[in-house]
Amino acid sequence: MRYNVTIQETLARTFQVDADSVSDAESVARSMYRGCEVVLSADDFVDADFRVERNAIFYRSPNNDFILSHGDTFQLLKEFSFQFDMIFADPPYFLSNGGISLQSGKVVCVDKGEWDRGKTPEEMREFNMEWLRLCRDKLKDNGTIWISGTYHNIFSVANCLTELGYKILNVVTWQKANPPVNISCRFFTYSTEFIIWARKCEKVPHKFNYGLMKRLNGNKQMTDVWRLPAIGRWEKSCGKHPTQKPLSVLTRIILASTDAGDWILDPFSGSSTTGIAANLCGRRFAGIEQSEEFCEMSRARREELELLERRTFLKRHIADLKVLESGEQLDLFTGGKEIAL
Ligand SMILES: C[S@@+](CC[C@H](N)C(=O)[O-])C[C@H]1O[C@@H](n2cnc3c(N)ncnc32)[C@H](O)[C@@H]1O
């Protein structure tokens, strides 16, 4: 049996920053170390916490900004004690019940996989309560969580969030600019998904990069309806995941609610769109995925990012990053905050 040993060290250094809240002070402190090569000696540390885990790490990027674990999220979430700045989750929607759709002129079954097989409302509630409870422990007190869904699961998720003490901040409607056609012609075409944004604590303020969102929206307040395209072929260079999310959706979420260097968790990682978007925005990522095939796909996607050409290509295809790359670099790295160094 092989084990992973993680050593988490506590720095002895203290310094003072001017800020209005604990979370602001923390982000100022983080930004002071960003991009610096800090040379440390053993005397700089006061404490060290050693944690031993089963060998669940599937892949780690060369600069440690992308860590993927292979296994069951319900088990693995219990096995570490780290707290994240933000969580994005695209859990099973439980809608694989033999439905059909039209793709490139052909009738195809839309079942996603065994993991998405329909559940009774009680089973769905039990599932959602459990992973949302585990995730709450993995969030910093000022952290936020985003969960995507359709009408099949989103109401169950919303009820569980409230019951567990999260505070719902927004329900974003992602309107797909190019939805698939409805072949039954008996009701409206499905063209939306919902993304609930909630914070961990009722009273602790959360991060929101308001100014950046406004600028990305042509200097008007960004609304909770996001018209963004469905997944593009250019995003599927490493194989097909049946429910892969577009990078443009994840990039918007990450830019809105995190700062550079922040840690983001995805407990249902799939092909790790969250991780790819996180790294493109200078954030760090930890993902959990039960399927080895999807872990391989994630690894291939992250390895592509080692190629500067591919990174540039992706940034040029993601609307928000294109805007930022064309002259608003500062905001991408500081979340629009003035930082006194
Ligand atoms: C909706 S997909 C996520 C797709 C992802 N957002 C992407 O862009 O590729 C949900 C994923 O959760 C995984 N999954 C389902 N139950 C799981 C569990 N208990 N532990 C870990 N992964 C799980 C599935 O294998 C599937 O890949």
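Is the crossing of α6 and α7 right-handed or left-handed? The crossing is right-handed, and this tour of a predicted model begins there.

**First stop: helices α6 and α7**

Select residues 247-257 for helix α6 and residues 273-280 for helix α7. The two helices pack with their axes 9 Å apart, at an angle of about 55°. Because angles of 65 to 115 degrees count as roughly perpendicular and those under 35 as roughly parallel, α6 is oblique to α7. To display the contact, show the side chains of Leu-247, Leu-250, Thr-251 and Ile-254 on α6. On α7, add Thr-273, Thr-274, Ile-276, Ala-277, Ala-278 and Leu-280. Coloured by class, the residues of this contact comprise 7 nonpolar and 3 polar, with no charged residue.

**Second stop: the ligand**

Keep Thr-273 selected and turn to the ligand. Thr-273 is among the residues that come nearest to the ligand, together with Asp-90, Phe-268, Gly-270 and Ser-271. The surrounding shell holds 19 residues, of which 6 are nonpolar, 9 polar and 4 charged. Next, highlight helix α2 (73-76) and strand β13 (284-289), each of which supplies at least two residues of this shell.

**Third stop: the sheet**

Follow β13 into the open sheet of 9 strands to which it belongs. Read across the sheet, the order is β3-β4-β13-β12-β5-β8-β10-β9-β11, and the pairing is mixed. The edges are formed by β3 (57-60) and β11 (225-228), each pairing on one side only. On average, neighbouring strands of the sheet are turned by 20° against each other, direction ignored.

Now select β5 (residues 84-89) and β8 (residues 139-149) within this sheet. These two strands run parallel and are joined by 5 bridges. For one such position, centre the view on Phe-84, whose bridge partner in β8 is Leu-139.

**Last stop: helices α3 and α4**

Finally, select residues 121-137 for helix α3 and residues 154-163 for helix α4. Their axes lie 9 Å apart, and the helices pack at an angle of about 45°; α3 and α4 are therefore oblique to each other. The crossing of α3 past α4 is right-handed. On α3, the contact is made by Met-124, Arg-125, Asn-128, Met-129 and Leu-132. On α4, the residues to show are Ser-156, Val-157, Cys-160 and Leu-161. By class, the contact of α3 with α4 has 6 nonpolar, 2 polar and 1 charged residues.

Definitions and conventions:
Residues numbered from 1 in each chain as written. Predicted model: local features only at pLDDT ≥ 70, side-chain atom pairs only at ≥ 80, totals over all residues. Near = placed C-beta within 6 Å. Helix = DSSP H or I, 4+ residues; strand = E, 2+ residues; numbered from the N terminus. Nonpolar A, V, L, I, M, F, W, Y, C, P; charged D, E, K, R; others polar. Pairing = 2+ DSSP bridges. Axes fitted to C-alpha atoms, helices over the stretch in contact; angles between N-to-C directions. Parallel < 35°, antiparallel > 145°, perpendicular 65-115°, else oblique. Left-handed = near helix turned anticlockwise from the far one by under 90°. Contact = placed C-beta atoms within 7 Å.
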